[in-house]
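Hello,

Here is the structure I promised to pass on. Have a look, and my notes follow below.

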Amino acid sequence: MRIAVDVVRCRPASSIYRGASFPQWVSQSEVARYDNRTRETDIGIKRPSQLRPNDDSSHTFGLPPGKALTAPDSPRIALVTGGTRGIGTEIARGLVREGIIVHLTGRDGEKAVGVAAELARETGGAVTGHELEVTDGEAAQILVDEIRAQHGRIDVLVNNAAVELDLEGSALKADLDGVRIMLETNLIAPWRLIQLVAPGMLDHGYGRIVNVTTGLAQFERMADRRRDDHYPGHAGYRISKAALNALTALVAGELRDSSVLVNASDPGYCRTEMGAPFAPFSASEGAEVTIHLATIDENGPTAGWFFQRLPKTW
Ligand SMILES: NC(=O)c1ccc[n+]([C@@H]2O[C@H](COP(=O)([O-])OP(=O)(O)OC[C@H]3O[C@@H](n4cnc5c(N)ncnc54)[C@H](OP(=O)(O)O)[C@@H]3O)[C@@H](O)[C@H]2O)c1
């Protein structure tokens, strides 16, 4: 697969797209395959060589919107937030190794591009880095529109980006301004992205949504101080993630009879900036459950919460 690295800064005034001509992520062999298919079927499919950025029909290779996208051999398209370091980078790495075209985001656009370049070089896959402050709703909309303009759809959404601002915070003493930021970042932003991508997933008959939460948000673990794994503090963070768990269950319930599977993942305590150097799991080990849930087949679970592939109680 040809390496594709780019940056999209998702600001309305300065939205830019730099890079090779569209579709840079399509490999020579895919181009040949589609060209052959065009010749074989003669149903008017536009060849990739004829496609241009923002060409309305480019996303479907000339077929009516929504039709070509379900082709069994077309690569899946994933959006991973918070992919610039830690578990998010490992999720992106794992997905691109699965042959998925990955769009990763971070607040620092240059860093996102750098990480994407590194992953693309290492894997030979297609990875694009984007600047995205997830709490910026307008920017999120622009990014989703840009990815859809390029590929026609988003198949996989991983809501990984999060902040943890109250390491020692008790619920009784929590700084509510900090709590508000965590709710905006860890709950509202994923919620908005789900609203932006889920309708398209339903239209195309395929979707995987994974919300990265934390074992600290488990209700019984928060409530029972006698438990071995009871852990004090982090009130705002835990409440934001418990709410993200509730969102996972609600959205999965609403999409229950569809092909969109919605789950939450718990990476465990990991050696990342948010975690600690002495944590038991590497970022890559923490990412594994999310990669699994993002790639499950149609018989996979929905409305679940998983740690190391094992279901957890909420
Ligand atoms: N580490 C653990 O032990 C642990 C345990 C359980 C759950 N988790 C969860 O796992 C996920 C990843 O954690 P991690 O340890 O890898 O965290 P991390 O090292 O702090 O990375 C967080 C990522 O989120 C991005 N981010 C944060 N705020 C953002 C914002 N407002 N807009 C856009 N991007 C933002 C960061 O990008 P920039 O700062 O570059 O923008 C970074 O890429 C989180 O959801 C976390 O809650 C972690």
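Ala, Val, Leu, Ile, Met, Phe, Trp, Tyr, Cys and Pro count as nonpolar here, Asp, Glu, Lys and Arg as charged, and the others, Gly among them, as polar. On that basis, the shell around the ligand has twelve nonpolar, twelve polar and six charged residues.

Please keep in mind that this is a predicted model: local features need pLDDT of at least 70 and side-chain atom pairs count only at pLDDT 80 or more, while totals for chains, interfaces and linings use all residues. Numbering starts from 1 along each chain as its sequence is written.

Back to the ligand: 30 residues surround it (C-beta atom, placed from the backbone, within 6 Å). The closest are Gly82, Gly86, Arg107, Thr272 and Gly275. Helix α2 (residues 86-97) gives the largest share of the shell, three residues; helices (H or I, at least four residues) and strands (E, at least two) are DSSP runs, numbered from the N terminus.

Now to strand β7 (residues 260-266). Seven of its seven residues are buried (20 or more other C-beta atoms within 10 Å of the residue's own, with C-beta atoms placed from the backbone), so β7 is largely enclosed by the rest of the structure. Val260, Val262, Ala264 and Asp266 point one way, and Leu261, Asn263 and Ser265 the other.

What does β7 pair with? Strands pair if DSSP finds at least two bridges between them. Strand β6 (residues 207-212) runs parallel to β7 over six bridges, with Val212 partnering Ser265. Strand β8 (residues 304-307) is also parallel to β7, joined by four bridges, and Asn263 partners Gly304 there.

Best wishes

Conventions
A residue is buried if 20 or more other C-beta atoms lie within 10 Å of its own, exposed if 12 or fewer, and partly exposed in between; C-beta atoms are placed from the backbone.
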